[in-house]
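Subject: Structure for you to look at

Dear colleague,

Here is the structure I promised to pass on. Please open it alongside this message, as my notes are meant to be read with it in view.

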Amino acid sequence: MNEMRRKLTTIFSADVQDYTRLMGADEEGTLAMLKWSRDAMSRLIDAHGGRVINTWGDGLIAEFPSVVEAVRAAIDVQNELVGMNAARPADGRMLYRIGINLGDVLAEGDDIYGDGVNIAARLQASAPAGGIVISNTVYDQVRNKVAVGFDFLGALTVKNVSEAVPSYAVRIGVEPSAGPAPAAGPSPAVAASEPVRLSDPRVRKMAGVFAVVAIALLLINLLSWQGVFWAAWPLLALAFVVAMGWVRSQNRFDRRIAGIAVVGIGIVMINLLSWHGVFWAIWPLLGLAVTVGLRWAMRR
């Protein structure tokens with residue numbers, strides 16, 4: 001018998017909007033899309049340090065030790081599914097709703113139970129198709145750590161939970177093509193009018209430090225000039241660190257592809273700064289291009 005114990009964890013709940021309608025219209029195609037999307041979701045959950053606890057029908061429950069990684073995983077899932085749905089007609093798209101809650105749960109073996117799980121499921125049910133809704137306990141942990149916006153939706157009533165749960169919609173720039181938006185949320189026009197944040201405060205601070213250090217290096221190089229622009233190398237290294245920090249924090253582009261692009265630019269800069277009449281960077285760039293092409297083809 002597995003011992004029952006309590007623990008604090010982040011619960012990730014997802015299901016498909018209008019799954020019954022999709023099955024009625026195209027049973028085999030819907031099952032194929034469900035398998036593909038579930039495999040993609042499981043891969044992204046695992047990549048962010050989470051684990052899938054259970055799947056049933058069109059639903060999925062996972063947990064994460066990190067609240068921030070749970071939200072990042074949800075954002076990556078929704079962005080990846082946009083590519084899957086891009087070539088499909090509007091009424092045939094498989095759109096997931098995701099709810100995330102940080103709460104105390106009962107754990108028995110690999111399963112978890114309790115109000116924390118129920119709240120995550122209620123948040124998921126209130127999310128728009130293609131959207132993410134989080135509880136206030138999640139929001140308090142991620143509001144300054146994840147490069148997205150949030151819209152306050154008000155308090156949700158959860159069955160068998162005495163107090164209503166304040167909730168927030170995660171604004172990820174993915175416009176749902178079906179399904180109702182939460183009643184308390186702002187209009188699409190309001191959401192669209194706000195800028196998409198591409199970096200979090202840590203990256204902006206890093207960029208500020210880079211600017212100060214870059215100016216200092218340039219001044220030192222110029223004041224001690226002996227015919228060699230040696231400052232280019234530390235500046236290139238600092239720029240690479242800042243660029244990779246931005247890649248990790250942003251959610252507009254695929255992070256792996258953006259990271260490969262930064263590496264490619266770095267290789268070209270190294271080639272130019274150490275120029276001896278041969279553009280050797282073409283070979284690693286070709287390898288990176290093949291890698292990006294394969295990743296793009298696998299996502300279609």
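Below is what I found, beginning with how far the coordinates can be trusted.

Please keep in mind that this is a predicted model. The protein has a mean pLDDT of 83, with 84% of the residues scoring at least 70, but the confidence is uneven: strand β6 (residues 132–135) has the highest mean, at 96, whereas helix α6 (residues 188–193) has the lowest, at 35. Over residues 174–199 the pLDDT stays under 50, although the model does have 38 contacts there beyond four places in sequence. Where pLDDT is low, the predicted coordinates should not be read in detail.

As for the fold, the protein has 10 helices and eight strands, and 42% of its 300 residues count as buried. Of the contacts between residues at least 6 apart in sequence, 68% join residues that are at least 24 apart. The protein exposes about 16100 Å², of which carbon and sulfur atoms supply 63%.

The largest nonpolar core comprises 39 residues, and F12, I100, I132, I134 and V142 are those with the most contacts inside it. Helix α3 (residues 67–85) gives the most to this core, contributing 10 residues. If you would like one place to start, I132 is in contact, leaving aside residues up to four places away in sequence, with A74, I75, Q78, I98, I100, Y168, A169, V170 and I172. There is also a second, separate core of 10 residues, among them I119, A127, L153 and L156.

With best wishes

Notes: Residues numbered from 1 in each chain as written. Predicted model: local features only at pLDDT ≥ 70, side-chain atom pairs only at ≥ 80, totals over all residues. Heavy atoms only, no water. pLDDT = per-residue confidence, 0-100. Helix = DSSP H or I, 4+ residues; strand = E, 2+ residues; numbered from the N terminus. Contact = heavy atoms within 4.5 Å. Buried < 20%, exposed > 50% of the residue type's maximum accessible area, 1.4 Å probe, protein only. Areas by Shrake-Rupley, 256 points an atom, 1.4 Å probe, with all protein chains shown as cover. Core = buried A, V, L, I, M, F, W, Y, C linked by side-chain atoms within 4.5 Å.
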